[in-house]
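The exercises below are meant to be worked with the sequence and the three-dimensional structure open side by side. Each task is followed by a solution that goes step by step.

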Amino acid sequence: MQNFIDAYSWINIRFLLQGLWVTIEISVASIVISFIVGTLLGIIRYEQIKYVSAIVGFIIDIIRNLPLLLIIFFTYFGLPNIGIKPEIIPAAIMAMSIFESAMVAEIVRSGLNSIDNGQTEGALANGLTRWQALRIIVLPQAIKNMTPALVSQFISLVKDTSLATIIVLPELMYHAQIIYGQNTNYIIPIFVALAVLYFIVCYSLSLLADYLHRHLA
């Protein structure tokens, strides 16, 4: 019990919260970027644009089948070899965004394919262009259908930020390692605190998604 009391000193809690803030920053930036880029890529795949869709699909398949850890490693340690030297946080955001964009693209493509073609045909028959039909009729319905899959993917992203400890990103897991590295008696208490903090963030994201889902409905 004393180990828990000592581990949860204000200094340690504040240090963990500082790491949590970095985790949230990385997650929010990556979610926004990957949602925008992934949606565009998903639309390109859905529209079956000659050659372009095939090339985009090939690149997406490559990224989806690579470990995120490898992408993080390459972004931070590989890019400097070609003259690009990102700082730790931008490198983490870049790696997360690349990986998640590929995942989101497939979710968007599947969501768009779930909408009956009659919706598009009806919109075209009423004078809308194909882009207008996609933007006004098809995409809003698809987003509603793919909300659960997107939320699940973004929750995984939040947890995957811990992989960025390989490039010494000062996020939640890295700060936890520093704390229990100074005193191994703190391992269990700190991991309990990690579980609680990750749960709060991920569950909050789920509640937000539920609210948006009901709003869209």
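## Exercise 1: Helix 2 and the overall fold

Gln-48, just after helix 2, takes a positive phi of about 55 degrees.

Task: Determine how many helices and strands the chain has, and compare the reach of helix 2 with the span expected at 1.5 Å a residue.

Solution.

Step 1. Keep in mind that this is a predicted model, in which the chain averages a pLDDT of 86 and 97% of the residues score at least 70.

Step 2. Going through the elements, one counts nine helices and zero strands, and the pattern read along the sequence is α-α-α-α-α-α-α-α-α.

Step 3. Helix 2 has 38 residues, and the distance from its first C-alpha to its last is 54 Å, which is close to the 56 Å expected at 1.5 Å a residue.

Step 4. For the chain as a whole, the C-alpha atoms fill a box of roughly 70 × 45 × 20 Å along the principal axes, and buried residues make up 41% of the 217 residues.

Step 5. Confidence can also be read element by element: helix 1, residues 2-7, has the lowest mean pLDDT among the elements of the chain, at 71, whereas helix 5 has the highest, at 92. Where pLDDT is low, the predicted coordinates should not be read in detail.

## Exercise 2: Salt bridges

Task: Find which residue forms a salt bridge with Arg-45, and establish which residues are joined into one network by salt bridges that share partners.

Solution.

Step 1. Side chains of opposite charge can pair when their charged atoms come close. The cut-off applied here is a side-chain nitrogen of Lys or Arg within 4 Å of a carboxyl oxygen of Asp or Glu, and by this rule the count comes to three salt bridges.

Step 2. Arg-45 pairs with Glu-106, their closest N and O atoms being 2.5 Å apart. Because Arg-45 lies in helix 2 (residues 10-47) and Glu-106 in helix 5 (residues 88-113), this pair ties together parts that are 61 residues apart in sequence.

Step 3. Burial is judged by a relative accessible area under 20%; Arg-45, with 16%, is therefore buried, and Glu-106, with 12%, is buried as well.

Step 4. Glu-106 also forms a salt bridge with Arg-109, where the closest N and O atoms are 3.0 Å apart. These two residues of helix 5 are three residues apart, so about one helical turn separates Glu-106 from Arg-109. Arg-109, at 23% relative accessibility, counts as partly exposed.

Step 5. Through shared partners, the salt bridges join Arg-45, Glu-106 and Arg-109 into one network.

Step 6. Another salt bridge links Asp-61 to Arg-64, with the closest N and O atoms 3.7 Å apart. Both residues belong to helix 3 (residues 52-64), where being three residues apart places about one helical turn between them. Asp-61 is partly exposed, with a relative accessible area of 33%, and Arg-64, at 33% relative accessibility, counts as partly exposed too.

## Exercise 3: The largest pocket

Task: State the volume of the largest pocket, then work out which helix supplies the largest share of its lining and how the lining residues divide into nonpolar, polar and charged.

Solution.

Step 1. The volume of the largest pocket is about 500 Å³. Its lining consists of 21 residues, of which Ile-31, Phe-154, Leu-205, Leu-208 and Leu-212 are the closest to the centre.

Step 2. Helix 2, helix 7 (130-160) and helix 9 (187-216) each supply at least two residues of this lining, and helix 9 contributes the largest share, eight residues.

Step 3. By residue class, the lining of the largest pocket divides into 16 nonpolar, five polar and no charged residues.

## Exercise 4: Sequence distance and spatial distance

Task: Set the separation in sequence beside the C-alpha to C-alpha distance for Val-28 and Ser-204, and do likewise for Leu-169 and Leu-208.

Solution.

Step 1. Val-28 lies in helix 2 and, at 46% relative accessibility, counts as partly exposed. Val-28 and Ser-204 are 176 residues apart in sequence, and their C-alpha atoms are 13 Å apart in space.

Step 2. Leu-169 lies in the loop between helix 7 and helix 8 (172-182), and with a relative accessible area of 1% Leu-169 is buried. Leu-169 and Leu-208 are 39 residues apart in sequence, with a C-alpha to C-alpha distance of 27 Å.

Definitions and conventions. Residues numbered from 1 in each chain as written. Predicted model: local features only at pLDDT ≥ 70, side-chain atom pairs only at ≥ 80, totals over all residues. Heavy atoms only, no water. Helix = DSSP H or I, 4+ residues; strand = E, 2+ residues; numbered from the N terminus. Buried < 20%, exposed > 50% of the residue type's maximum accessible area, 1.4 Å probe, protein only. 1 Å grid on protein atoms, 1.4 Å probe; cavity = no way out; pocket = protein on both sides within 12 Å on 5 of 7 lines; lining within 4 Å. Points joined across faces, edges and corners; volume = space filled by probe spheres on them. Nonpolar A, V, L, I, M, F, W, Y, C, P; charged D, E, K, R; others polar. pLDDT = per-residue confidence, 0-100. Expected span 1.5 Å × (residues − 1).
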